[in-house]
Amino acid sequence: MFKEQFFNKDLQTLIKHFVYMRAITQNRFVTNSYVINRKMFDVPQFERPIGNHTFHIGREAVLACNIINLGKHKVGWLRAEDQTVLSLDERVVLGSRYSVSHDPPSTWQLRIRPLRAEDRGCYMCQINTQPNMKWQIGCIDVYVPPDILNEETSADVSAQELDNVTLVCKATGHPPPKVTWRREDHEPVLLKKVGSRDFFKVESYVGTSLPLWRVDRRQMGVFLCIASNDVPPAVSKRVILYVNFPPTVIVPNQLLGAPLGTDVELECTIEAYPNTINYWLKNRGEMLLDGPKYVITEDRSSYRVMMKLIIREFSRNDIGTYNCVSTNSLGKSEGTLRLYEIKLYPSSQSAEVNVGGLTESAVKQKTMFNDGNQLNTRTFLPLLVVLIIVIYLSGF
């Protein structure tokens with residue numbers, strides 16, 4: 001009986017001790033959990049990433065570092081690449097282009113102005129926590145508008161016809177710019193494939209180098225090299241291509257006739273470069289000068305020149321051969337025109353043609369057939385002779 005009472009008493013004491021110890025343990029667990037949570041709540045934390053941003057050169061770049069629970073800790077900004085300290089708290093350490101502003105309660109901003117190309121890179125926002133500092137990184141990209149490198153770009157180019165020519169245009173910028181070639185006169189760009197004689201036309205050509213195989217006079221002109229990278233403004237440079245070749249004379253009408261007393265106009269087209277010296281000769285001897293009798297004009301367009309000679313009050317002394325002559329440093333060329341007289345009679349039934357001093361009757365009958373629609377040989381033969389002389393003198 002005594003033993004049972006003693007055993008029951010010890011069991012009750014043991015249970016009470018167990019309950020007490022459990023209560024103490026639970027209380028310590030709650031207390032420690034509170035302390036841990038309190039410490040975590042008090043530690044500075046980054047609220048959001050800084051992120052990556054793009055800015056244009058010359059403007060202001062802003063990076064924002066958002067921190068909660070900063071407490072008495074300090075915030076610093078560093079250049080991530082070389083760990084150069086830029087600022088500590090609100091005090092700038094490096095350079096007048098950098099500044100730091102605090103937007104209470106949690107935002108710390110690094111400002112860089114004016115922005116340079118070398119500012120491209122990553123920046124670190126750091127909190128001086130112990131034993132290890134907390135940090136996060138944000139990066140900026142600096143966009144730079146295009147710029148043409150004159151030292152590496154073609155100046156005006158002069159080449160002989162059928163030479164191979166390459167026009168070059170180098171540009172810098174970020175992102176890397178695209179180089180486009182166009183003609184200033186808005187005409188298509190004429191290109192040839194290597195080994196081909198045929199041209200193909202394009203509105204523009206993209207590339208730092210514009211190859212022109214066996215260059216032709218028709219490719220002469222002003223080319224625009226345009227550099228763009230979607231960062232305004234785009235830039236351009238003019239490159240003039242000169243194609244040198246000796247004169248070529250084109251005569252639209254080699255045989256001209258006119259009645260006496262009228263004004264007669266003679267024309268020649270010259271193609272040449274460099275510019276030519278042009279003049280008119282009569283009967284391969286007399287050089288004609290601009291004055292009351294002769295009006296001499298030239299109309300220049302690129303490598304073409306339109307020569308015009310107007311003979312006032314055409315007379316028998318003006319009948320003969322005229323030469324348009326063109327010369328430059330590469331050669332000489334000329335064209336020949338023959339001028340003849342056409343006689344008109346009041347009856348409008350006949351005309352007399354005087355070609356270079358030779359006279360033949362060209363009688364134009366109202367009808368070339370006699371009675372019964374028979375051919376009148378007296379009318380036909382003189383006309384036939386005139387036609388033969390005209391064809392012979394025109395060079396056919």
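This section describes salt bridges, selected residue environments and a nonpolar surface patch in a predicted model.

Side chains of opposite charge can pair when their charged atoms come close. A search of the whole structure returned 18 salt bridges. One of them joins the side chains of R238 and E184, with an N to O distance of 2.8 Å. R238 belongs to strand 20 (residues 235–250), whereas E184 sits in the loop between strand 14 (178–183) and strand 15 (189–192), so this pair ties together parts that are 54 residues apart in sequence. Both partners fall between the limits for buried and exposed residues: R238 is partly exposed, with a relative accessible area of 44%, and E184 is partly exposed at 33%.

A salt bridge is also formed by R217 and E271, whose closest N and O atoms are 3.0 Å apart. This pair links distant parts of the chain, with R217 in the loop between strand 18 (209–212) and strand 19 (221–228) and E271 in strand 22 (residues 264–273), 54 residues apart. R217 has a relative accessible area of 16% and is therefore buried, the cut-off for this class being under 20%. E271 likewise counts as buried, at 12% relative accessibility.

For the salt bridge between R312 and D263, the closest N and O atoms are 3.3 Å apart. Here too, distant parts of the chain are linked: R312 lies in the loop between strand 26 (304–311) and strand 27 (320–328), and D263 in the loop between strand 21 (255–258) and strand 22, 49 residues apart. R312 counts as partly exposed at 37% relative accessibility, and D263 is partly exposed with a relative accessible area of 46%. Beyond individual pairs, E161, R217, E271 and R304 are joined into one network by salt bridges that share partners. The R217 and E271 pair described above thus has both of its residues in this network.

The surroundings of D156 were examined next. D156 is located in the loop between strand 10 (134–148) and strand 11 (157–160) and is partly exposed, with a relative accessible area of 44%. When residues up to four places away in sequence are not counted, D156 touches R238, V239, I240 and Y242. R238 is thus a contact of D156 as well as the salt-bridge partner of E184. A polar atom of the D156 side chain lies 3.1 Å from the backbone nitrogen of I240. The C-alpha atoms of D156 and F223 are separated by 9.7 Å, although the two residues are 67 places apart along the chain.

T180 provides a buried site for description. This residue is placed in strand 14, and its relative accessible area of 9% puts it in the buried class. With neighbours within four places in sequence left aside, T180 is in contact with S204, Y205, V206, L224, C225 and I226.

On the surface, V85, L88, V93 and L94 form a nonpolar patch, with about 300 Å² of accessible area together. Within this patch, V93 is found in the loop between strand 6 (91–92) and strand 7 (98–103). V93 counts as partly exposed, at 46% relative accessibility.

Conventions. Residues are numbered from 1 along each chain as its sequence is written. This is a predicted model: local features need pLDDT of at least 70, side-chain atom pairs count only at pLDDT 80 or more; totals for chains, interfaces and linings use all residues. Side-chain values use heavy atoms; hydrogens and water are left out. Patches are made of residues with over 30% relative accessible area and no salt bridge: like charges are joined within 9 Å, nonpolar side chains (Val, Leu, Ile, Met, Phe, Trp, Tyr) within 5 Å. Accessible areas come from the Shrake-Rupley method with a 1.4 Å probe; for residues, only the protein chains shown count as cover. A salt bridge is a side-chain nitrogen of Lys or Arg within 4 Å of a carboxyl oxygen of Asp or Glu. Helices (H or I, at least four residues) and strands (E, at least two) are DSSP runs, numbered from the N terminus. Buried means under 20% relative accessible area, exposed over 50%, partly exposed in between (1.4 Å probe, protein chains only). Contact means heavy atoms within 4.5 Å. A polar contact is a pair of N or O atoms within 3.5 Å; within protein, one must be able to donate a hydrogen and the other to accept it, and residues adjacent in sequence count only if both atoms are side-chain atoms.
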